Amino acid sequence: MGKVIANMSMSLDGFIADPADGIDQLFGWMGSGDVEVPTAVEWATFRMSPASARYMRDAMADVGALVAGRHLFDITQGWGGTHPLGVPIVVVTHREPPADWPHTDTFTFVGDVEEAVRTARAAAGDRNVVVASAKIARQCLDAGLLDGVHVDLVPVLLGEGVRWFDDLAKAPVRLGDPVVIEGAGVTHLAYEVVRPS
């Protein structure tokens with residue numbers, strides 16, 4: 001069975017978006033290199049450094065499903081109906097989008113994080129489930145559902161904005177030693193969540 005991993009690009013001072021949910025300062029590394037990394041949609045082809053391209057290709061190959069919150073779904077406008085990963089997407093929400101929303105059949109809408117992770121795990125099979133929303137990642141961590149935290153650490157200080165793991169109910173949370181990949185304009189860090197004994 002795959003792992004449940006929270007993954008975000010983050011500023012050095014701990015923000016995953018600016019106060020207006022902007023991410024331009026945090027995702028520049030995805031478009032500033034020479035190596036092309038295609039996705040499941042034409043509008044999202046990445047151009048990265050060689051190290052980041054290898055990291056991204058490996059990560060995308062290991063993903064079997066993605067869990068997101070309704071806020072991320074709304075600000076991305078449902079990724080235009082098809083997510084760049086091309087995998088099943090489970091959205092945690094209490095209100096489904098309109099029936100005439102143009103989308104592929106890869107989207108499922110559920111009411112809580114436990115159901116979302118169960119649904120995503122079933123869809124992912126032996127591959128990983130990625131959690132891509134700040135509030136949902138925090139809820140998964142509080143519920144003991146996360147196996148790993150992957151950070152794409154960007155050398156910028158935003159000063160304010162949206163924090164990734166704000167208001168944890170069960171802090172402190174210990175993480176293992178990182179696996180480190182140096183990219184251009186980003187350092188990729190992969191941590192395992194240490195379970196309490």
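## Exercises on a predicted model

Asp142 is a residue of helix H4. The structure is a predicted model, and the exercises below start from this helix.

**Exercise 1.** Determine whether Asp142 is buried or exposed, and list its contacts beyond four places in sequence.

*Solution.*
- Step 1. The relative accessibility of Asp142 is 13%.
- Step 2. Buried means under 20% relative accessible area, so Asp142 counts as buried.
- Step 3. With neighbours within four places in sequence set aside, Asp142 contacts Asp167, Leu168, Ala169 and Lys170.
- Step 4. Within H4, Asp142 belongs to a buried set that also holds Ala134, Ile136, Ala137, Cys140 and Leu141.
- Step 5. After H4 comes Gly144, which has a positive phi near 75°.

**Exercise 2.** Asp167 is one of the contacts of Asp142. Describe the location, backbone and exposure of Asp167.

*Solution.*
- Step 1. Asp167 sits in the loop between S10 and S11.
- Step 2. The phi of Asp167 is positive, about 60°, although the residue is not a glycine.
- Step 3. Most residues other than glycine have a negative phi.
- Step 4. Exposed means over 50% relative accessible area; at 65%, Asp167 therefore counts as exposed.

**Exercise 3.** Asp21 also has a positive phi without being a glycine. Where does Asp21 lie, and into which accessibility class does it fall?

*Solution.*
- Step 1. The phi of Asp21 is about 70°.
- Step 2. Asp21 belongs to the loop between strand S2 (15-17) and strand S3 (35-37).
- Step 3. The relative accessibility of Asp21 is 27%, so the residue counts as partly exposed.

**Exercise 4.** Find the residues joined by a cis peptide bond, and place the proline in the fold.

*Solution.*
- Step 1. Ala171 and Pro172 are joined by a cis peptide bond, with omega about 0°.
- Step 2. Most peptide bonds are trans.
- Step 3. Pro172 is in the loop between S10 and strand S11 (179-182).

**Exercise 5.** Which residues have the most contacts inside the largest nonpolar core, and which elements give two or more residues to this core?

*Solution.*
- Step 1. The largest nonpolar core has 29 residues.
- Step 2. Val67, Val131, Leu146 and Trp164 have the most contacts inside this core.
- Step 3. Two or more residues each come from strands S1 (4-11), S5 (63-69), S6 (89-92), S8 (128-131) and S9 (148-154), and from helices H3 (113-124) and H4 (134-142).
- Step 4. For Val131, residues up to four places away in sequence are not counted; the residues it touches are Val4, Ile5, Ala6, Asn7, Val67, Ile136, Ala137, Cys140 and Leu146.

**Exercise 6.** Describe the second largest pocket by volume, central residues and lining.

*Solution.*
- Step 1. The volume of the second largest pocket is about 220 Å³.
- Step 2. It is lined by 14 residues, of which Leu141, Val173, Val193, Val194 and Pro196 are the closest to its centre.
- Step 3. The lining of the second largest pocket divides into nine nonpolar residues, one polar and four charged.
- Step 4. Leu141 is also among the buried residues of H4.

**Exercise 7.** Characterise the surroundings of Leu157.

*Solution.*
- Step 1. Leu157 is in the loop between S9 and strand S10 (162-163).
- Step 2. Leu157 has a relative accessible area of 60%, so it is exposed.
- Step 3. Beyond its neighbours within four places in sequence, Leu157 contacts Leu12 and Asp13.
- Step 4. The C-alpha atoms of Leu157 and Met10 are separated by 9.5 Å, although these residues are 147 residues apart along the chain.

Key: Residues are numbered from 1 along each chain as its sequence is written. This is a predicted model: local features need pLDDT of at least 70, side-chain atom pairs count only at pLDDT 80 or more; totals for chains, interfaces and linings use all residues. Side-chain values use heavy atoms; hydrogens and water are left out. On a 1 Å grid over the protein atoms alone, a cavity is a set of points where a 1.4 Å probe fits but cannot get out, and a pocket is an open set with protein on both sides within 12 Å along at least five of seven lines; lining residues have an atom within 4 Å of a point. Grid points are joined across faces, edges and corners, and a volume is the space filled by probe spheres set on the points. Ala, Val, Leu, Ile, Met, Phe, Trp, Tyr, Cys and Pro count as nonpolar, Asp, Glu, Lys and Arg as charged, and the others, Gly among them, as polar. A nonpolar core is a set of buried Ala, Val, Leu, Ile, Met, Phe, Trp, Tyr and Cys residues joined through side-chain atoms within 4.5 Å. Buried means under 20% relative accessible area, exposed over 50%, partly exposed in between (1.4 Å probe, protein chains only). Helices (H or I, at least four residues) and strands (E, at least two) are DSSP runs, numbered from the N terminus. Contact means heavy atoms within 4.5 Å.
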